[in-house]
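User: I am new to this structure and would like to learn how to read its features. Could we take them one at a time?

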Amino acid sequence: MKKKKMRKISAIVVLALALATAACTQNDQKDGNSATENPAESGTNDVEPEIRAEATAPADNEVLAEIRLDVDRDGTEERIVIRMTRGTMREETEPGAFMGIVREGDVRLELLDAEGHLLQARELNPDFGGTPMLFEDRRGFELFPGDYNGDGIPELALGQYASSNGFIYNLYELSTGGIRLLLPRLYSISYGYSARFEHIGHRAFKSSYYNMDTGQYEEELYVWLDGRYVRSKNADLTCGGCRRLDGAWPGLVYVPVEDGFVLDTGEPVLTGYVHLSPPIGGTTFIIHELYSYEYAGNNAGRIRNTAAVIDPATGTVNLYPLFDATTDDQYRTDSIAHGQGFLRNGKWGYAAAVNDGPSGVRHQVRTLDPATGESDILVPGLPETEDTHYFARWMTADGSRLVLIGNITGQMWVIDLANGSITQPAAAFPQSWPFILTYPSPDGERFWYQDMEKNEFRYYDLAGRVLASFPATSGMHNFPAVSWSHDGRYVVHSDTFDRDNRHIMFDYGDSWQVAPQRLAFRDRQGGLVRTLESKEAGVYVELAGWPAAGGDVVLLERYKLIDNPELFNERIKTDRSYALLDLATGKETGLELVDGTVPEKTTDLFFGNHYGPVGLIDRDSGQLTFQDVDVRRVVTNDGTWAWMQSDWEARTSRLYVWDPAVKRLSAYGIPPSESASVLVGGKWHYTTDMAARRLPEPSGTP
């Protein structure tokens, strides 16, 4: 009989069990740093016992991880070092949670100046149960500093393996004045010795973990409140201004912070739909759709939607249920059952799903008065498309009509929201997955349609009349093939002279992004205004931005392409130059690109689409700052333009606000985020991760 190998429980198992026990028995009154009572922290019983190799080597004074960061923001980077002051190194050969080279011992977190002089240090083992800490090479060790409480002092999450379901982390504040433990025993599904958590607004973060009691992945929101982190679901027990907003969404918690507030739904929801009302009685409301699915299989299930109506100036939050329905076709319902826009009277129009009798689910148009919460039915029943879903939908800017188009047959319906009447033009507008081939004007009254079968572009009004058309060329174009100016005066169609693959910058599989050689501008009537073509072989010309303030002048970019040595399916721009083109006269004015800085005086803003690019110009000096990556527009309704710009490598973002009336550009530091957001009155920045921040008064040049 084969002799069984002797197994030893590694130190990390002892550590995990100790931490889990402490977490499960912790009382909120005993811990002044946090309100943590994670049920998942007891889930360490699935840790595999490890074979410990007998051969060891010393690992004293080894640097496990290091990063440089300007901690005190004086312009000079300090060094953040994780050092094993005393320990051993061995190789684990048995399959399990730990394999390969493993280091175990005493570890210290150090902050050093640029020359290597020790500024601050903290022994980490006492914070992790007092047992030896363990690190395996195969996991790597990269440090992820962040500033989750918005005080300008970096924080660092350091963790140890707890179970196959995650790590236990301690969150430290790093300062030349000291290293402080801000939040202990944070259980997370992050699988590394340092973790990066999701910023929520300016003073909170979210962590995901596996709850072994429920068998579900769950989320917890930690908010910086009164000089410490508290868990939001316990926040109403720890601060006078916190409150639960039960009713339409049980468990929603409102937590005030120093410069705003944070909302927590208490459960995962799709919170990406946010709308900004026109002023109603002097108040601009934010309407945030709390939207969730519950799948029942085969595309069936439950869909519910609740409106959180927010007055950021007062912190008032009212919850109004929009609908709660079951459907056999969640995909179709999801394509329509959302907010559509605002009517002339300021009420918000939305589509709801309704269950009634043998027809299963139907959809109707309703309104919600943000000021009172009153709801009315405008259209009792929307036409049900024979297609799989509604592929295009929009409301006219004046709130008078809603347009729906099916995805395959292209049936189109125009719903009059004043009387509920529905008309259907004779023409059909089939779409081609995954592309939307209708391009409505900013006011929604007219649209271009790309007919893939007939290989032409046609221009329609909402009665279905053809106003203009032009044939597609033999070259390649991007999707969307037609782009409207922000004021609705012009469209541009861009393409290449031929179908040479050398024109392709990116290949996405379903489509590509090409470098244009020709730009054709048309006016609102569909007439050709001006055609601009590349005159030099290998040089491309592209519309880089429409004027934010409207008008006839557009921003152009010319460039060449070279292969990217790191990616085989990508080519990159080189020899880039910029100019302003006056569409009325054809005159071009060259610009000087100022790399990385904003001109001292900005007179003009040019914006491409929702995701940029953004061009800031000083007409007097002819200088241009141009940003074409990691830009996301922020919705406003007061004539200003705002956008978020992120540097993901540095994990920093800025919010820019451009006021064309006074030619003023303001900038604010914000946490990096991929959330959509709105800006209310130039003062309140609200993100779809449900956090509102009151911006400071603008000062100086950004």
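User: Are Phe205 and Tyr222 buried or exposed?

Analyst: The model is a predicted one. Burial is judged by relative accessible area, and under 20% counts as buried. Phe205 and Tyr222 are both buried.

User: How are the rings of Phe205 and Tyr222 placed in their aromatic pair?

Analyst: Two values are read for a pair of rings: the distance between the centres and the angle between the planes, where under 30 degrees counts as stacked. The structure holds 37 aromatic pairs. In the one formed by Phe205 and Tyr222, the centres are 5.4 Å apart and the planes differ by 20°, a stacked arrangement. Phe205 belongs to strand E12 (residues 204-211) and Tyr222 to strand E13 (residues 216-225), so the pair ties together parts 17 residues apart in sequence.

User: What about the rings of Tyr459 and Trp484?

Analyst: Here the centres are 6.2 Å apart and the planes stand at 45°, so this pair is tilted. Tyr459 lies in strand E32 (residues 456-461) and Trp484 in strand E34 (residues 482-484); the pair links distant parts of the chain, 25 residues apart. Tyr459 and Trp484 are both buried.

User: Which strand is joined to E32 by bridges, and in which direction do the two run?

Analyst: Strand pairing is read from the bridges between two strands. E32 is joined by five bridges to strand E33 (residues 466-471), and the two run antiparallel. Opposite Tyr459 stands Ala468 of E33. E32 and E33 form a hairpin with four residues between the strands, where Gly464 takes a positive phi near 90°.

User: Which charged ends sit over rings?

Analyst: The value to read is the distance from the charged end to the centre of the ring, with 6 Å as the limit. The charged end of Arg243 sits over the ring of Tyr254, 4.0 Å from its centre. Another case is Arg633, whose charged end sits over the ring of Phe607 at 5.9 Å from the ring centre.

User: How is empty space found, and how many cavities are there?

Analyst: A probe the size of a water molecule is rolled over the atoms, and this shows where empty space is left. Searching the whole structure gives four cavities of 30 Å³ or more. The largest has a volume of about 140 Å³. It is lined by 15 residues, and the closest to its centre are Gly201, His202, Pro671, His685 and Thr687. Strands E11 (198-200), E52 (684-687) and E53 (691-694) each supply at least two lining residues, and E53 has the largest share, with three. By class, this lining has seven nonpolar, six polar and two charged residues.

User: What lines the second largest cavity?

Analyst: That cavity has a volume of about 40 Å³. Its lining includes Ile82, Leu124, Phe128 and Tyr193. Strands E6 (133-136) and E7 (155-163) are the elements that give two or more residues to it. Eight lining residues are nonpolar, one is polar and none is charged.

User: How much space lies in the second largest pocket, and which residues lie nearest its centre?

Analyst: A pocket differs from a cavity in being open. The second largest pocket holds about 1000 Å³ of space. Of the 40 residues lining it, Ala650, Arg651, Thr652, Ser653 and Pro672 lie nearest its centre. Strand E49 (652-659) is among the elements giving two or more residues to the lining, and its four residues are the largest share. The lining divides into 16 nonpolar, eleven polar and 13 charged residues.

Note on methods: Residues numbered from 1 in each chain as written. Predicted model: local features only at pLDDT ≥ 70, side-chain atom pairs only at ≥ 80, totals over all residues. Heavy atoms only, no water. 1 Å grid on protein atoms, 1.4 Å probe; cavity = no way out; pocket = protein on both sides within 12 Å on 5 of 7 lines; lining within 4 Å. Points joined across faces, edges and corners; volume = space filled by probe spheres on them. Nonpolar A, V, L, I, M, F, W, Y, C, P; charged D, E, K, R; others polar. Phe/Tyr/Trp six-rings, centres within 6.5 Å; stacked < 30°, edge-to-face > 60°. Buried < 20%, exposed > 50% of the residue type's maximum accessible area, 1.4 Å probe, protein only. Lys NZ or Arg CZ within 6 Å of the ring centre and 35° of its normal.
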